[in-house]
Amino acid sequence: MCGIVGGTSERNILPILVEGLRRLEYRGYDSAGVAFKKNGTISITKNKGRVEQLAKKLNLKENQSNLGIAHTRWATHGIPSEKNAHPHASKNIFVVHNGIIENHNELKAQLKAEGIRFSTQTDTEVIAHLIKIYTEKGQSFEKAVFNTIKKLKGAYALGILDKNDPEQVIGVRNQSPLVLGKGFQENFIASDVMALSPVTNKFVYLDDGQVALLNHHKTVVKNASNQTVRVKTHEVDSNAYTTDLQGHNHFMEKEIFEQPAAVKDSIEGRLTKNETQEGIFGAGFENAVKDITNIQIVACGTSFHSARIFEFWSHKFLGINCRVDYGSEYQYQEPVKTDKTLLVTISQSGETADTLSSLKFAKKTGNPISLAICNVANSSICRESDFTLLTNAGPEIGVASTKAFVTQLTALNLLLLTLMRVHGCLPSARKRITKALNELPKHLEKTLKQTDVYKKVAKQLFKKNSTLFLGRGLYFPIAREGALKLKEISYIHAEAYPGGELKHGPLALIDKDMPVIALVPDNEHLDKITSNIAEVAARKGKVFTIGPLGKTKITKEGGHIKIPKTLDLLNPIISVVPMQLIAYYTALFKGTDVDKPRNLAKSVTVE
Ligand code: G6P
């Protein structure tokens with residue numbers, strides 16, 4: 001979703017801003033723009049389309065600047081167009097924005113009544129006009145910003161310039177992420193650390209309501225009441241933010257193949273021979289969850305699917321009631337009074353607005369113990385939670401989540417094992433799961449080797465309009481994840497159904513043009529899913545099966561993909577890999593933009 005990078009430096013800042021935009025591309029965007037100081041004035045260059053085109057337009061050989069703000073826009077209000085691209089200006093004021101100003105219609109009406117004319121369809125433009133009006137009334141740039149943000153409702157991270165205050169950049173954070181990057185004789189703001197990792201490793205994670213005032217030799221952070229606050233500067237490992245493809249064709253491919261290593265990193269130092277190490281969720285966690293009677297999980301997208309798998313684990317191994325909700329739905333229900341609840345939020349980015357606001361809602365309306373399962377340290381969701389377990393997948397750039405999912409499941413398995421220990425579940429069961437978890441990277445490695453098989457299936461899918469994924473029990477969320485991967489990157493309609501629901505509707509769709517991918521486990525669901533597959537085959541549907549058993553007689557025209565067999569509770573993690581690669585190769589055959597699928601964003605920072 002929208003990305004911000006800006007700053008001021010003694011050196012030419014334009015290449016830094018453009019590289020920052022490139023590094024924010026993964027978030028998803030449809031247009032981009034830069035405002036920069038040149039010869040005492042501020043110039044704007046904007047573009048619908050890719051950052052590379054913007055870079056050409058900017059003419060980096062000729063143009064130089066020491067101060068600027070830049071933006072990648074993911075359209076919310078107003079179509080993707082050069083006009084609606086940020087920065088937006090009102091005379092002397094230039095603004096880039098990530099988020100949504102919820103009261104923009106009301107503000108727009110007031111400004112129109114005062115004679116202000118709007119030139120874009122965006123919600124952002126009101127901000128530029130408001131600040132400009134205050135500066136015209138004689139207020140300083142800083143005061144005008146403070147007075148403006150008092151009027152704004154909604155989520156916003158802002159980068160702002162004033163032509164009449166040409167040494168200063170102001171950054172504002174309220175419910176949309178913004179970091180302050182500190183360098184030598186240069187200071188920056190950005191939506192995330194990755195945007196600035198080539199130029200600094202020193203970051204301040206701004207809190208909601210904070211305003212950062214920066215010139216090239218100084219930064220000041222103030223709270224919403226305009227008082228200076230002390231902030232902590234974190235040193236991050238910039239090497240972790242490499243955006244190198246390392247020989248792969250796409251980030252998605254690289255990230256799929258990184259999964260065995262990512263799982264290893266995820267369990268590294270967290271397991272003994274027989275179970276989880278104590279304290280991996282932070283001091284006090286195990287004591288806090290001793291007498292929980294409920295688990296509530298909130299997540300979105302792929303992370304929601306990992307939550308649904310944990311739900312099964314919780315019921316089967318812990319006997320603790322677990323409920324899973326979408327971030328976008330949870331906070332709009334009447335909170336049910338429950339006994340002691342562990343609230344788990346799962347998020348790759350740690351910035352998903354719906355998940356974050358659900359977490360805040362849960363804390364306001366109840367008294368849960370909050371745990372974040374997250375891939376980004378110091379992200380908003382981690383900071384808002386009592387406890388955090390980092391998934392340690394390393395940065396995930398491809399919009400379609402892969403290694404983040406597999407490491408979320410790994411981390412959730414560590415949660416399961418820890419709760420099993422704390423709640424006194426059988427040591428032998430804990431030992432068995434621990435052993436299988438340690439072996440998971442080896443099984444993933446093996447599964448990744450069958451690329452020819454996945455390509456063959458993809459060849460049969462890429463010209464189709466629609467596909468159906470079937471799973472039962474633990475494998476239904478995996479079927480949903482497989483369908484999500486395929487639709488995200490190949491734009492082929494893909495739906496997932498529990499096998500038993502086939503006869504309640506989707507069977508009507510089956511014909512020779514509707515491929516079906518069915519997950520065939522080696523558990524109590526085997527016979528029933530086998531019958532479901534037969535129902536499809538009887539209607540000339542082509543079925544591809546994935547599972548740990550050998551070739552079965554049921555698949556007539558499709559084929560069977562055999563994956564390594566492990567404990568039933570972990571086998572779903574292995575079975576997602578073929579579906580990730582089938583989706584990837586299908587998208588390649590179709591020629592879609594695998595890493596940046598149309599209309600989607602990696603980090604969804606608006607509700
Ligand atoms: C977006 C991404 C998905 C991701 C979802 C939730 O839709 O494209 O890949 O699963 O957001 O994101 P989170 O960062 O909270 O896991």
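Around the ligand stand 13 residues, and those that come nearest are Ser303, Ser347, Gln348, Ser349 and Thr352. The model shown here is a predicted one, and the ligand is a convenient place to begin reading it. By kind, the residues of this shell divide into eight polar, four nonpolar and one charged.

Several polar atoms of the protein can be followed to oxygen atoms of the ligand. From the side chain of Thr352, a polar atom lies 2.5 Å from an oxygen atom of the ligand, while Gln348 offers a polar backbone atom that is 2.7 Å from a ligand oxygen. Val399 also takes part through its backbone, where a polar atom is 3.1 Å from an oxygen atom of the ligand. On its own the ligand has 380 Å² of accessible area, and the protein covers 90% of this.

Looking outward from these contacts, the reader can ask where the shell comes from. Helix α10, which runs over residues 301–318, gives the most to the shell, with three residues, and at least three residues are drawn from each of domain 2 (247–447) and domain 3 (450–607). The space that the ligand takes is the second largest pocket.

Two details of the backbone deserve a separate look. In the loop between β4 (67–73) and β5 (88–90) lies Pro87, and the peptide bond that leads to Pro87 from His86 is cis, with omega near 0°. Asn59 has its place in the loop between α2 (51–58) and β4, and its phi is near 50°, a positive value in a residue other than glycine.

Definitions and conventions: Residues are numbered from 1 along each chain as its sequence is written. This is a predicted model: local features need pLDDT of at least 70, side-chain atom pairs count only at pLDDT 80 or more; totals for chains, interfaces and linings use all residues. Side-chain values use heavy atoms; hydrogens and water are left out. A residue is near a molecule or strand if one of its heavy atoms lies within 4 Å of it. A polar contact is a pair of N or O atoms within 3.5 Å; within protein, one must be able to donate a hydrogen and the other to accept it, and residues adjacent in sequence count only if both atoms are side-chain atoms. Accessible areas come from the Shrake-Rupley method with a 1.4 Å probe; for residues, only the protein chains shown count as cover. On a 1 Å grid over the protein atoms alone, a cavity is a set of points where a 1.4 Å probe fits but cannot get out, and a pocket is an open set with protein on both sides within 12 Å along at least five of seven lines; lining residues have an atom within 4 Å of a point. A molecule sits in a cavity or pocket if more than half of its atoms lie within 2 Å of its grid points. Helices (H or I, at least four residues) and strands (E, at least two) are DSSP runs, numbered from the N terminus. Ala, Val, Leu, Ile, Met, Phe, Trp, Tyr, Cys and Pro count as nonpolar, Asp, Glu, Lys and Arg as charged, and the others, Gly among them, as polar. Domain bounds come from an automatic or database domain assignment.
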